[in-house]
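Thanks for coming. Please look at the structure on the screen while I talk, and stop me if I lose you.

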Amino acid sequence: MKICLDAGHYGNYNQGVNKNYYEAKAMWEITNLQKKYLEEYEGVQVILTRANQNKDLALYDRGMKAKGCELFISNHSNACGTESVDYPVVIRAYDNKNNAEALGIELAKGIAKVMGTRDQGRTWTRKGNSGEYYGVLRGARAAGAKHYYIIEHSFHTNKKACDWLLNKENLQRLAREQVNIIAKHYNLKKKHTTTNEQKTYTVKINTDTLNIRSGAGTNYPIKGTVKKGEVYTIVETKGNWGKLKSGAGWICLDYTIKR
């Protein structure tokens with residue numbers, strides 16, 4: 001199965017009401033997390049519409065990158081004039097081509113659940129004079145993608161949503177939920193992996209600040225932090241979590257580089 005993922009914007013596009021939030025940067029992160037998690041499944045190939053976060057492409061051209069793909073997703077956060085508005089929207093084929101609503105509504109509900117938005121997730125459509133109103137969806141449809149969506153991860157005009165999306169562990173949980181929903185919909189099977197490896201290796205921290213947890217998951221209490229550029233020895237792994245040799249706890253390996 002071939003999947004095309006699109007980080008909706010580039011550079012420092014669309015600053016939120018929390019001035020540290022930029023739609024382009026947050027959506028680039030979640031797009032790459034989705035790619036990482038999708039590639040844990042057998043027979044799945046994931047391509048991105050842009051090679052790096054600073055590269056711009058026309059809307060239709062980004063959609064056309066989905067040629068030969070089963071699924072196309074363009075990641076965004078929304079905006080409006082009322083700060084209290086807080087819910088995810090999944091925009092799908094205006095004519096419900098290939099029953100697009102089925103996966104779309106599951107994604108919307110799953111995002112709302114993980115983000116804890118004020119209102120329920122929903123799907124939406126908009127038709128233009130020549131079919132799909134939105135350029136990326138028009139391009140994905142022309143490319144022959146079976147399913148294609150724009151996912152609006154709530155509103156960056158809502159401070160609560162901005163604050164939530166700025167947390168890297170939240171983005172990890174969100175991407176996991178979305179990929180789990182996609183995997184269930186398409187009946188994807190996980191690659192065979194060892195869930196508890198004992199091989200020792202070192203990693204370099206690749207994000208500004210990363211929490212140390214008492215166990216392998218975000219549901220465990222925070223015990224401390226590690227900083228970007230620091231190197232640590234991992235003595236045990238469980239899924240995408242690694243146990244520090246020092247005994248301080250566990251860190252998420254999604255934000256590290258293996259040395």
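I will go through two helix pairs, then a few single residues. One caution before that: this is a predicted model.

Let me begin with helix α1, residues 23–38, and helix α6, residues 168–186. Their axes come within 9 Å, and they cross at roughly 45 degrees. How do α1 and α6 lie relative to each other? They are oblique, because an angle of that kind falls outside the ranges for roughly parallel, roughly perpendicular and roughly antiparallel. The crossing of α1 with α6 is right-handed. On the α1 side, the contact is made by Ala26, Glu29, Ile30, Leu33, Gln34, Tyr37 and Leu38. On the α6 side, the residues include Lys168, Leu171, Leu174, Ala175, Val179 and Ile182. Sorted by class, the residues of this contact come out as 10 nonpolar, three polar and three charged.

Now the second pair, which involves α6 again. Helices α3 and α6 pack at about 155 degrees, and their axes are 9 Å apart. Are they roughly parallel or roughly antiparallel? Roughly antiparallel, since angles over 145 degrees are counted that way. This crossing, α3 with α6, is right-handed. From α3 the contact takes in Ala102, Leu103, Glu106, Leu107, Gly110, Ile111, Lys113, Val114 and Met115. From α6 it takes in Arg173, Leu174, Glu177, Gln178, Ile181, Ile182, His185 and Tyr186. The classes here are 10 nonpolar, three polar and four charged. If you look back at the lists, Leu174 of α6 appears in the contact with α1, and Leu174 appears in the contact with α3.

Next, single residues. Trp28 is in helix α1. Is Trp28 buried or exposed? Its relative accessibility is 18%, and the limit for buried is under 20%, so Trp28 counts as buried. Beyond its sequence neighbours within four places, Trp28 is in contact with Ala7, Leu48, Arg50, Ala51, Asn52 and Gln53. There is also a distance to note: Trp28 and His9 are 19 residues apart in sequence, and their C-alpha atoms are 8.0 Å apart in space.

Arg62 is the next one. You will find Arg62 in helix α2, residues 59–64. Arginine is in the charged class, and here Arg62 is buried, with a relative accessible area of 3%. What does the side chain of Arg62 make a polar contact with? The partner is the side chain of Asp6, at 2.9 Å. Leaving out neighbours within four places in sequence, the residues in contact with Arg62 are Asp6, Gly8, Thr49, Arg50, Leu57, Phe72, Ser74, His76 and Val136. Arg50 is on that list, and Arg50 is on the list for Trp28 too.

Last, two asparagines. Asn96 sits in the loop between β4, residues 89–91, and α3, residues 100–115. Asn99 is in the loop between β4 and α3 as well. Phi of Asn96 is near 55 degrees, which is a positive value in a residue other than glycine. For Asn99, phi is near 55 degrees, again positive and again not in a glycine. As for accessibility, Asn96 is partly exposed at 28%, and Asn99 is partly exposed at 45%.

To recap, α6 is in contact with α1 and with α3, Trp28 is buried, and Arg62 is buried with a polar contact to Asp6. That is my part.

How values were computed
Residues are numbered from 1 along each chain as its sequence is written. This is a predicted model: local features need pLDDT of at least 70, side-chain atom pairs count only at pLDDT 80 or more; totals for chains, interfaces and linings use all residues. Side-chain values use heavy atoms; hydrogens and water are left out. Helices (H or I, at least four residues) and strands (E, at least two) are DSSP runs, numbered from the N terminus. Buried means under 20% relative accessible area, exposed over 50%, partly exposed in between (1.4 Å probe, protein chains only). A polar contact is a pair of N or O atoms within 3.5 Å; within protein, one must be able to donate a hydrogen and the other to accept it, and residues adjacent in sequence count only if both atoms are side-chain atoms. Contact means heavy atoms within 4.5 Å. Axes are lines fitted to C-alpha atoms, for helices over the stretch in contact, and angles run from 0 to 180 degrees between N-to-C directions. Angles under 35 degrees count as roughly parallel, over 145 as roughly antiparallel, 65 to 115 as roughly perpendicular and the rest as oblique. A crossing is left-handed if the near helix is turned anticlockwise from the far one by less than a right angle, and right-handed if clockwise.
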